[in-house]
Amino acid sequence: MSAKNMTIQLQVWRQKNAKAEGKFENYTLSNISPDMSFLEMLDMLNEDLIKKGVPPVEFESDCREGICGTCSCVINGQAHGPVRGATTCQVYMRAFKDGDTLVIEPWRANAFPVIRDLVVDRAPLDRIIAAGGYTAAKVGPHADANAMLVSKPDAESAMDAAACIGCGACVAACPNASVSLFTAAKITHLAKLPQGTPLRDQRVLRMVDLMDQEGFGHCTNIGECQSACPKEIKIDAIALMRREYMRALSRS
Ligand code: SF4
Ligand code: FES
């Protein structure tokens with residue numbers, strides 16, 4: 001027997017643009033199936049608002065299956081909501097109870113200005129990747145399989161770090177709005193692979209310096225980032241990034 005449909009109170013952050021003052025608006029939404037995804041619930045809210053002549057709530061989404069990293073909101077104070085290891089699009093309404101109030105906000109960080117409602121500008125993440133998140137491998141016929149051996153522990157930690165989808169939840173969850181977990185994931189991914197070796201020092205120096213220039217805060221080892229990360233990337237990556245940075249500095 002399927003569970004009963006729910007009525008939910010919503011407090012949604014509405015803001016026209018980065019310069020406008022934002023505020024919470026209250027909405028009541030009924031007949032929500034517990035099997036509906038959180039984004040489907042927002043779709044339903046928007047259909048309702050459009051019918052009433054109210055501008056719909058802007059939010060980002062693309063894959064709706066935890067891959068692209070575009071969906072992003074803080075739900076009741078938690079980046080990506082209450083489900084561990086899940087993106088906003090992977091949260092289902094059964095995570096909440098009939099009559100619950102959901103407070104829905106955009107990522108809060110100076111480096112991520114609000115574009116509209118729940119949509120923020122995450123271009124700083126792209127610029128950090130552009131500063132060093134690439135390899136110097138020449139193009140051409142691909143090398144024979146296993147021509148470049150990688151140990152199993154290195155391959156596994158590179159793959160774990162490569163799971164980062166660039167959502168920015170680590171920044172939103174951090175009281176300092178530090179982007180260290182994101183940057184460390186990119187650096188770990190390439191530092192563990194032979195293809196990443198040629199640009200290793202340049203990569204970490206450029207990417208870490210850019211974190212400051214983009215206005216992100218400093219990491220003080222609080223660990224909220226790893227709790228919020230939908231890909232469960234561990235804070236150990238930040239320790240590796242620091243070692244990489246010190247190593248590069250000593251060689252420069
Ligand atoms: S480290 Fe985790 S929380 Fe941060 S951007 Fe990558 S996937 Fe998102
Ligand atoms: S919409 Fe792609 S990760 Fe949520």
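Let me start with Gln9, which stands opposite Thr101 in strand S5, and I should say at once that what we are looking at is a predicted model. That pair belongs to the pairing of strand S1, residues 6–14, with strand S5, residues 101–105, where the two strands run parallel and are joined by 4 bridges. S5 also pairs with strand S3, residues 74–75, and here there are 2 bridges and the strands run antiparallel. If you look for Ile75, you will find that its bridge partner in S5 is Ile104.

Now let me turn to the helices, beginning with helix H2, residues 123–130, which packs with H5 at an angle of about 30°, their axes being 11 Å apart. Angles under 35 degrees count as roughly parallel, so H2 is roughly parallel to H5. The crossing of H2 and H5 is right-handed. On the H2 side, Leu125, Ile128 and Ile129 meet Phe182, Thr183 and Lys186 of H5, and these residues divide into 4 nonpolar, 1 polar and 1 charged.

Which way does H5 run relative to helix H6, parallel or antiparallel? The axes of H5, residues 180–191, and H6, residues 200–213, come within 11 Å and cross at roughly 170°, which means that H5 is roughly antiparallel to H6. H5 contributes Ser180, Thr183, Lys186, Ile187 and Leu190 to this contact, while H6 contributes Arg203, Val204, Met207, Val208 and Met211. By class, that gives 6 nonpolar, 2 polar and 2 charged residues. Please notice, finally, that Thr183 and Lys186 of H5 appear in the contact with H2 and also in the contact with H6.

Note on methods. Residues numbered from 1 in each chain as written. Chains lettered and ligands numbered in written order. Predicted model: local features only at pLDDT ≥ 70, side-chain atom pairs only at ≥ 80, totals over all residues. Heavy atoms only, no water. Axes fitted to C-alpha atoms, helices over the stretch in contact; angles between N-to-C directions. Parallel < 35°, antiparallel > 145°, perpendicular 65-115°, else oblique. Contact = heavy atoms within 4.5 Å. Nonpolar A, V, L, I, M, F, W, Y, C, P; charged D, E, K, R; others polar. Pairing = 2+ DSSP bridges. Left-handed = near helix turned anticlockwise from the far one by under 90°.
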